[in-house]
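Thanks for making the time this morning. I would like to walk through one model with you, going slowly enough that you can follow each point on the screen.

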Amino acid sequence: MNYDKSKPLTKRNIIEFMRDCGIEVKTNTKARGNQGLYQKNRIDISRNLKEDKAISVLVHEFAHYIHNKIDRDFIKNGGSLEKLFDTENINEIKSELVQVTRLTDKSSRLTVFTDAKEETSKTIKDMQSAIKREFPNFLRSKKFPEFERYIKNSDARYLVKYDAIRLKKGFFIKKERVLSVKNLTQDFPDMPKAFQIYIRLCSLKRKQSKLTRRISKLTKYYEKPTELFARYVSGYFMTPETIETVAPVTTRQFLHLLEKGYYKELKDLFEIFQKKY
């Protein structure tokens, strides 16, 4: 490697180091809507990132590059923690890696969706309590006969299943009317308050289900071995003391393998930019 080891830790110098490793680095893209992206010996990094975040993301993507050298099938199957840490005793390491992810990625979409789901669930419970004050037997898991009798001949019945709908009525001249849960009070001012709340509750249940699906999908992605490893590497590179406190077992094994050269150019990256290990 011809890289000048005296250079300080900057985004530009990290990129230069990676290019010296033979990696194509693109800095003028949006990385397909992500902060960074690794594929086929190429790293894309979003041009919108600040210096410290850009460095962290670059190291994250470089960890994928290293992973690809250790396990050529990792892109297809998400990798193996056993192979990444060269051990069969992986349960404690995996547990620590999940904790590192929660610590280092607090602003992630997963956190946003999880917080939104918790807030939605709380609001649904409050709505249920409000309805029960007028209809004590109400349960959101069962039919609401009083509401069904009221709503049967009203256009508001469509809002039980949809957040918004466009209705066209008339035989010769079609009249269009747009209804939405957001405008429920204006569109149906005479509807009893409890029934309005129930329609909004149905809307929130749809939102809750959507959030649950997104959380499930993202959890599967976030817990892929390759992502757990990359978050650990970038986290340890930026704040080694903090990560070592959260993941002591992982750190011992990681540093042992790093010193041996198991992680190939990753050892050079840590040495060049004066990270102690």
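Let me begin with a question: which residues does Phe85 touch, not counting residues up to four places away in sequence? Before I answer, please keep in mind that this is a predicted model. With that neighbourhood in sequence set aside, Phe85 touches Ile90, Ile93 and Leu97, then Phe229, and further along the chain Thr250, Gln253, Phe254, Leu257 and Tyr263.

That list leads us to the largest nonpolar core, which has 50 residues, and in which Phe85 is, together with Phe62, Phe254, Tyr263 and Leu266, among the residues that touch the most other members. Several elements give two or more residues to this core, including helix 1, strand 3, helix 4 (81–84), helix 5 (91–104), helix 10 (225–238), helix 12 (248–260) and helix 13 (265–272), but the largest share, ten residues, comes from helix 2. As a general point, nonpolar side chains in soluble globular proteins tend to be buried together. Apart from this core lies another one, of 25 residues, with Val181, Met191, Ile199 and Leu201 among them.

Now to the sheet, which is an open one, built from three strands in the order 1-3-2 with mixed pairing. Strand 1 (24–29) and strand 2 (36–39) each have a single partner strand and stand at the edges, so one side of each is left without a neighbour in the sheet. From one strand to the next, the twist averages 15 degrees. Strand 1 and strand 3 (residues 42–46) run parallel and are joined by four bridges, and if you look for the bridge partner of Val25 in strand 3, you will find Ile43.

Two helices should be seen together with these strands. Helix 1 (residues 11–20) lies across strand 1 and strand 3 and runs at about 140 degrees to strand 1, whereas helix 2 (residues 51–70) packs on the sheet, where it touches strand 1, strand 2 and strand 3, with its direction making about 20 degrees with that of strand 2.

I will finish with His64, which lies in helix 2. Is His64 buried or exposed? Its relative accessible area is 6%, which is under the 20% limit, and His64 is therefore buried. Leaving out residues up to four places away in sequence, His64 touches Tyr38, Phe74, Thr226, Glu227 and Ala230; with one of these, Thr226, there is a polar contact between the two side chains, at 2.9 Å.

Conventions:
Residues numbered from 1 in each chain as written. Predicted model: local features only at pLDDT ≥ 70, side-chain atom pairs only at ≥ 80, totals over all residues. Heavy atoms only, no water. Pairing = 2+ DSSP bridges. Axes fitted to C-alpha atoms, helices over the stretch in contact; angles between N-to-C directions. Contact = heavy atoms within 4.5 Å. Buried < 20%, exposed > 50% of the residue type's maximum accessible area, 1.4 Å probe, protein only. Polar contact = N/O pair within 3.5 Å; in protein donor to acceptor, adjacent residues only side chain to side chain. Core = buried A, V, L, I, M, F, W, Y, C linked by side-chain atoms within 4.5 Å.
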